[in-house]
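Welcome! Here is a short guided tour to read with the structure open beside you. Take the points in any order you like.

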Amino acid sequence: MLNFAIQMARDAGRILVERQGRALQVSNKGDIDLVTEADLASEKLIIERVRSYYPRHAILAEESGASDGAIIAAGKSEWRWIIDPLDGTTNYAHGYPCYCVSIALERAGRIEIGVVYDPTRDEMFAAERGQGATLNDRRIRVSDVDELNSSMICTGFPYNVRERPHFARHFAAFTMRAQAVRRDGSAALDLACVACGRFDGFWEDGLNPGMWPRACC
């Protein structure tokens, strides 16, 4: 299934690259949360591929939402695909080359495999439970830096940032204490960079604090 997910991510990423630079139809899901036709085309490819090869599996897709995922599933299944067809949509819509396709598969509530594909650099991050993680088939590991003042860390801004003015206090505190702070606009790629040691840590205001340490490891 991991190779299946890898190929889907590559094919979906190819769609994103082919459509970037064209006149895109862009709509708003919120005040600053965008969706493009490329999101929808990438997601359509992944959903159709899953339905063809694993018709009984459930699907939870970023743009289609949980309700459509329930329709896609043919009855109840312990397997569920979790899809973000374009993480970094705002970057993509502005022509900034920092975005990716993110796909995971869970079984009975536990993530079993996950892939994050950066089509602009042709970088495929992949992981399977109990088998470690790779970048383009080479083993990766997290950074061994354990001091904040020697670390380069990354962050993301919440979509409701205009309603959370206090986040600037945390951003300023990390900026003053860390060696460097980056904000690239794609959380999935940020976490992949933590997994391979490029970044020494990641934080984002407003997220479940128990979620991200597990995702980073």
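In this predicted model, a good place to begin is the pairing of two helices, H1 (residues 2-19) and H2 (residues 37-53). Their axes come within 9 Å of each other and cross at roughly 155 degrees. Angles over 145 degrees count as roughly antiparallel, and H1 and H2 are therefore roughly antiparallel to each other.

**How H1 and H2 meet**

- H1 passes H2 in a right-handed crossing.
- On the H1 side, the residues that take part are Phe-4, Gln-7, Met-8, Asp-11, Ala-12, Ile-15, Leu-16 and Arg-19.
- On the H2 side, they meet Glu-37, Ala-38, Ala-41, Ser-42, Leu-45, Ile-46, Arg-49, Val-50 and Tyr-53.
- Sorted by character, the residues of this contact divide into 11 nonpolar, 2 polar and 4 charged.

**The chain as a whole**

- If you follow the chain from end to end, you will pass 7 helices and 12 strands.
- The chain has 217 residues, and buried ones make up 43% of them.
- Among contacts with a separation of 6 or more, 58% are between residues 24 or more positions apart.
- The accessible surface comes to about 12000 Å², and carbon and sulfur atoms account for 49% of that area.

**Helix H6, a mostly covered helix**

- Helix H6 spans residues 187-195, and 8 of its 9 residues are buried.
- The buried residues are Ala-188, Leu-189, Asp-190, Leu-191, Ala-192, Cys-193, Val-194 and Ala-195.
- After H6 comes Gly-197, which has a positive phi, near 90 degrees.

**Asp-84 in strand E4**

- Look for Asp-84 in strand E4, which covers residues 79-87.
- Is Asp-84 buried or exposed? With a relative accessible area of 16%, Asp-84 falls under the 20% cut-off, so Asp-84 counts as buried.
- Leaving aside its neighbours within four places in sequence, Asp-84 is in contact with Glu-62, Cys-100, Val-101 and Ser-102.

**Strand E8 and the loop after it**

- Gly-132 lies in strand E8, which runs over residues 132-135.
- At 39% relative accessibility, Gly-132 counts as partly exposed.
- Not counting residues up to four places away in sequence, Gly-132 touches Ala-126, Ala-127 and Arg-139.
- Where is Asn-136 placed? Asn-136 sits in the loop between E8 and strand E9 (138-139).
- Asn-136 has a phi near 50 degrees, a positive value in a residue other than glycine.
- Asn-136 has a relative accessibility of 35% and so counts as partly exposed.

**The loop between E5 and E6**

- Ala-108 is in the loop that joins strand E5 (100-107) to strand E6 (110-118).
- The phi of Ala-108 is positive, near 50 degrees, and Ala-108 is a residue other than glycine.
- How much of Ala-108 is accessible, and what does Ala-108 count as? Its relative accessibility is 59%, so Ala-108 counts as exposed.

Technical notes:
Residues numbered from 1 in each chain as written. Predicted model: local features only at pLDDT ≥ 70, side-chain atom pairs only at ≥ 80, totals over all residues. Heavy atoms only, no water. Helix = DSSP H or I, 4+ residues; strand = E, 2+ residues; numbered from the N terminus. Buried < 20%, exposed > 50% of the residue type's maximum accessible area, 1.4 Å probe, protein only. Contact = heavy atoms within 4.5 Å. Areas by Shrake-Rupley, 256 points an atom, 1.4 Å probe, with all protein chains shown as cover. Axes fitted to C-alpha atoms, helices over the stretch in contact; angles between N-to-C directions. Parallel < 35°, antiparallel > 145°, perpendicular 65-115°, else oblique. Left-handed = near helix turned anticlockwise from the far one by under 90°. Nonpolar A, V, L, I, M, F, W, Y, C, P; charged D, E, K, R; others polar.
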